[in-house]
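Work through the exercises below with the coordinates open. Each task is followed by a stepwise solution.

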Amino acid sequence: MKRRFRFSVEGRRWEIDLLAARSPYLVCAECKHWRRGIGNSTARGIIETHLAKVEVLSKHLEEFRERAGLDALSRAIIVPIIDAI
């Protein structure tokens with residue numbers, strides 16, 4: 001498990017709050033804490049941004065396999081999750 005996994009590709013820096021692997025799954029979690037509820041447009045923005053991050057990571061996963069601690073994971077089913085409390 002890695003917290004605050006940061007990586008740079010495609011001319012940008014990206015961060016995934018939590019990476020957790022258990023064969024064959026790789027969970028990519030975005031964690032948000034809100035004092036009040038969030039509106040639909042805010043939630044949609046969070047979802048779209050997180051999915052973009054996960055897509056970029058999946059395209060470049062081989063580059064970060066060792067640093068992310070995923071050496072034992074030969075193939076992965078990537079599961080994006082957003083936890084907004």
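Buried means under 20% relative accessible area, exposed means over 50%, and partly exposed lies in between. The model is predicted.

**Exercise 1. Are Lys53 and Glu30 buried or exposed, and which parts of the chain does the pair tie together?**

Step 1. Apply the cut-off. Glu30 has a relative accessible area of 6%, so Glu30 is buried. Lys53 is buried too.

Step 2. Check the contact between the side chains. Lys53 and Glu30 form a salt bridge, at 2.8 Å from N to O.

Step 3. Place both partners. Lys53 belongs to helix 1 and Glu30 to strand 3, so the salt bridge links parts 23 residues apart in sequence.

Step 4. Look for a further partner of Glu30. Lys32 also forms a salt bridge with Glu30, with the closest N and O atoms 3.1 Å apart. Lys32 is partly exposed, at 28% relative accessibility.

**Exercise 2. How many salt bridges does the structure hold, and which residues share partners in one network?**

Step 1. Take the total. There are six salt bridges in the structure.

Step 2. Examine one of them. Glu62 and Arg65 meet through their side chains, at 2.6 Å from N to O. Glu62 is exposed at 59% relative accessible area, whereas Arg65 is buried at 15%.

Step 3. Find the shared partners. Arg4, Arg6 and Glu15 are joined into one network by salt bridges.

**Exercise 3. What is the strand order of the sheet, and which strands lie at its edges?**

Step 1. Read off the order. The sheet is open, with four strands in the order 1-2-3-4 and mixed pairing.

Step 2. Find the edges. Strand 1 (2-9) and strand 4 (77-84) each pair on one side only. From one strand to the next, the twist averages 40°.

Step 3. Assign each pairing. Strand 1 and strand 2 run antiparallel and are joined by seven bridges. Strand 2 and strand 3 are antiparallel as well, over five bridges. Strand 3 (residues 25-32) pairs with strand 4 in the parallel sense, over eight bridges.

Step 4. Inspect the turns. Two residues separate strand 1 from strand 2 in a hairpin, and Glu10 in that turn has a positive phi of about 55°. Another hairpin connects strand 2 to strand 3, again through two residues.

Step 5. Pick out residues that face each other. Phe7 stands opposite Trp14 in strand 2. Cys31 is opposite Asp83 in strand 4.

**Exercise 4. Where does helix 1 lie, and what does His50 touch?**

Step 1. Locate the helix. Helix 1 (residues 40-59) lies across strand 1, strand 2 (12-22), strand 3 and strand 4. The helix runs at about 150° to strand 4.

Step 2. Take one residue of the helix. His50 lies in helix 1 and is buried, at 1% relative accessible area.

Step 3. List its contacts, not counting residues up to four places away in sequence. His50 touches Cys28, Ala29, Glu30, Pro80, Ile81 and Ile82.

Step 4. Take another residue. Ala52 is also placed in helix 1, but is partly exposed at 32% relative accessibility. The C-alpha atoms of Ala52 and Leu70 are 20 Å apart, with these positions 18 residues apart along the chain.

**Exercise 5. Which residues touch the most other members of the largest nonpolar core?**

Step 1. Name them. The core has 16 residues, and those with the most contacts to other members are Phe5, Phe7, Leu19, Leu26, Cys28 and Leu57.

Step 2. Trace their origin. Strand 1, strand 2, strand 3, helix 1 and helix 2 (61-64) each contribute at least two core residues.

Step 3. Follow Leu19. Beyond four places in sequence, Leu19 contacts Met1, Lys2, Phe5, Leu26, Val27, Cys28, Leu57 and Ala68. Cys28 in strand 3 is also the bridge partner of Leu19.

**Exercise 6. Why is there no bond between the sulfurs of Cys31 and Cys28?**

Step 1. Set the cut-off. A disulfide needs two cysteine sulfur atoms within 2.5 Å.

Step 2. Compare. The closest cysteine sulfur to that of Cys31 is in Cys28, 11 Å away, so the two are too far apart for a bond.

Step 3. Count. The structure has zero disulfides.

Step 4. Add the surroundings. Cys28 is buried, at 0% relative accessible area, while Cys31 is partly exposed, at 40%.

Notes: Residues numbered from 1 in each chain as written. Predicted model: local features only at pLDDT ≥ 70, side-chain atom pairs only at ≥ 80, totals over all residues. Heavy atoms only, no water. Buried < 20%, exposed > 50% of the residue type's maximum accessible area, 1.4 Å probe, protein only. Pairing = 2+ DSSP bridges. Axes fitted to C-alpha atoms, helices over the stretch in contact; angles between N-to-C directions. Contact = heavy atoms within 4.5 Å. Core = buried A, V, L, I, M, F, W, Y, C linked by side-chain atoms within 4.5 Å. Salt bridge = Lys/Arg side-chain N within 4 Å of Asp/Glu carboxyl O.
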